[in-house]
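Visitor: I am new to this structure and should be grateful for a guided introduction. May we look at it together?

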Amino acid sequence: MAVDKSNQRVRDMFGEIAPKYDRMNHLLSMNVDRYWRWRAVKKLAPNQNDPILDVCTGTGDLAFSFHKYTKGEVPIVGSDFCYEMLEVGREKSDKFGQPVTFVEADAQELPFESDRFQVVSAAFGLRNVADTDLGLREMTRVCKPGGKVAVLEFSVPRTQPIKGMYGWYFRNVLPRIGQMLARNDSNAYNYLPDSVGEFPCYEKLTEKMLAAGMSKADFYPLTFGIATLYIGVK
């Protein structure tokens with residue numbers, strides 16, 4: 001049975017877990033998620049001139065990573081359609097003095113003009129978009145010619161024994177810990193492994209990026225393939 005990724009279901013689910021979202025991410029990944037974001041920003045190496053857009057930004061962790069890398073000299077925009085997640089991001093922005101602009105918006109219908117951003121990214125969020133292809137087309141549309149579209153996402157390791165160990169942890173341990181520590185009525189931490197298992201990864205996603213209008217696309221597995229960074233050039 002296909003995972004229910006309808007807008008309302010996803011919005012309600014992330015709204016419910018928003019207050020504990022950051023803590024659970026760091027706990028369940030043993031803080032490796034911080035390294036993945038750092039690696040993505042370093043690989044993308046944005047310039048000091050043109051704005052950057054992070055879609056499905058959630059609480060803004062990747063947007064803040066871009067802000068740190070560019071030393072606050074580049075406008076950073078984080079968009080998401082979950083108001084509660086954005087509110088956490090705004091609180092973090094105020095607390096740490098990192099002026100990221102947060103915009104409530106659906107990744108399938110971005111309210112930005114075409115050819116605007118040097119980098120358009122999505123970290124652990126594209127798999128939650130109801131129409132992956134439409135989300136990629138919108139990300140490509142608002143990216144400047146010659147700019148980069150980046151997707152950082154969970155993936156399924158290809159080699160044993162990592163594949164087997166990861167699959168067991170992801171389906172048996174992570175959901176129980178997540179539901180126990182971040183109690184919610186949406187079964188958010190059961191949704192996580194289901195959505196990852198259904199999401200296209202490696203060559204399948206780069207093919208979709210090319211079909212969305214990018215001139216080339218490559219992928220870079222991280223931490224034995226537990227996560228993968230995809231970068232396309234418009």
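Visitor: How many residues of β7 are buried?

Guide: This is a predicted model, in which local features need pLDDT of at least 70, side-chain atom pairs count only at pLDDT 80 or more, and totals for chains, interfaces and linings use all residues. Residues are numbered from 1 along each chain as its sequence is written, and side-chain values use heavy atoms, with hydrogens and water left out. Buried means under 20% relative accessible area, exposed over 50%, and partly exposed in between (1.4 Å probe, protein chains only). β7 is mostly covered, and the number of its buried residues is seven of seven.

Visitor: Which residues of β7 are buried on each of its faces?

Guide: Helices (H or I, at least four residues) and strands (E, at least two) are DSSP runs, numbered from the N terminus; β7 is the strand of residues 227-233. Both of its faces are covered. On one side the buried residues are Thr228, Tyr230 and Gly232, and on the other they are Ala227, Leu229, Ile231 and Val233.

Visitor: In what order do the strands of the sheet lie?

Guide: Two strands pair if DSSP finds at least two bridges between them. β7 is joined to β5 (residues 143-154) by seven antiparallel bridges, and β7 also pairs with β6 in the antiparallel sense over seven bridges. The sheet is open, its pairing is mixed, and its seven strands follow the order β3-β2-β1-β4-β5-β7-β6.

Visitor: Which strands are at the edges of this sheet?

Guide: An edge strand pairs on one side only. The two edge strands are β3 (101-104) and β6 (216-222).

Visitor: Which residues of β7 are the bridge partners of Asp218 and Phe154?

Guide: Phe154 has Ala227 as its bridge partner in β7. For Asp218, the partner in β7 is Ile231.

Visitor: Where does Thr223 lie, and what is its phi?

Guide: Thr223 is in the loop between β6 and β7, two strands that form a hairpin with four residues between them. Because its relative accessible area is 29%, Thr223 counts as partly exposed. Although Thr223 is a residue other than glycine, its phi is positive, near 50°.

Visitor: Which strands does helix α4 lie across?

Guide: Contact means heavy atoms within 4.5 Å. Axes are lines fitted to C-alpha atoms, for helices over the stretch in contact, and angles run from 0 to 180 degrees between N-to-C directions. Helix α4 (residues 61-69) runs at about 140° to β4. The strands it lies across are β1 (52-55), β2 (76-80), β3 and β4 (117-123).

Visitor: Is Thr70 buried or exposed?

Guide: Thr70 is placed in the loop between α4 and β2. Leaving out residues up to four places away in sequence, Thr70 touches Pro46, Asn47, Gln48, Ile52 and Ile76. A polar atom of its side chain lies 2.9 Å from the backbone oxygen of Phe66. Because its relative accessibility is 0%, Thr70 counts as buried.

Visitor: Which residues touch the most other members of the largest nonpolar core?

Guide: A nonpolar core is a set of buried Ala, Val, Leu, Ile, Met, Phe, Trp, Tyr and Cys residues joined through side-chain atoms within 4.5 Å. The largest has 28 residues, and α3 (32-44), α4, β4, β5, α7 (162-181), α8 (188-198) and β7 each supply at least two of them. The members with the most contacts to others are Trp36, Phe66, Ile76, Phe124, Leu152, Phe154 and Leu229.

Visitor: Why is helix α2 largely enclosed by the rest of the structure?

Guide: Helix α2 spans residues 21-28 and is largely enclosed because six of its eight residues are buried. Those residues are Tyr21, Asp22, Met24, Asn25, His26 and Leu28.

Visitor: Which residues does a cis peptide bond join?

Guide: The bond has an omega of about 5°. One of its residues, Pro161, is in the loop between β5 and α7. The residues joined are Gln160 and Pro161.

Visitor: What is the radius of gyration of the chain?

Guide: The chain has nine helices and seven strands. The radius of gyration is taken over C-alpha atoms, and the globule rule is 2.2 Å times the number of residues to the power 0.38. For 234 residues that rule gives 17 Å, and the chain's value is close to it, so the chain is as compact as a globular protein of that length, with a radius of gyration of 17 Å.

Note on methods:
A polar contact is a pair of N or O atoms within 3.5 Å; within protein, one must be able to donate a hydrogen and the other to accept it, and residues adjacent in sequence count only if both atoms are side-chain atoms.
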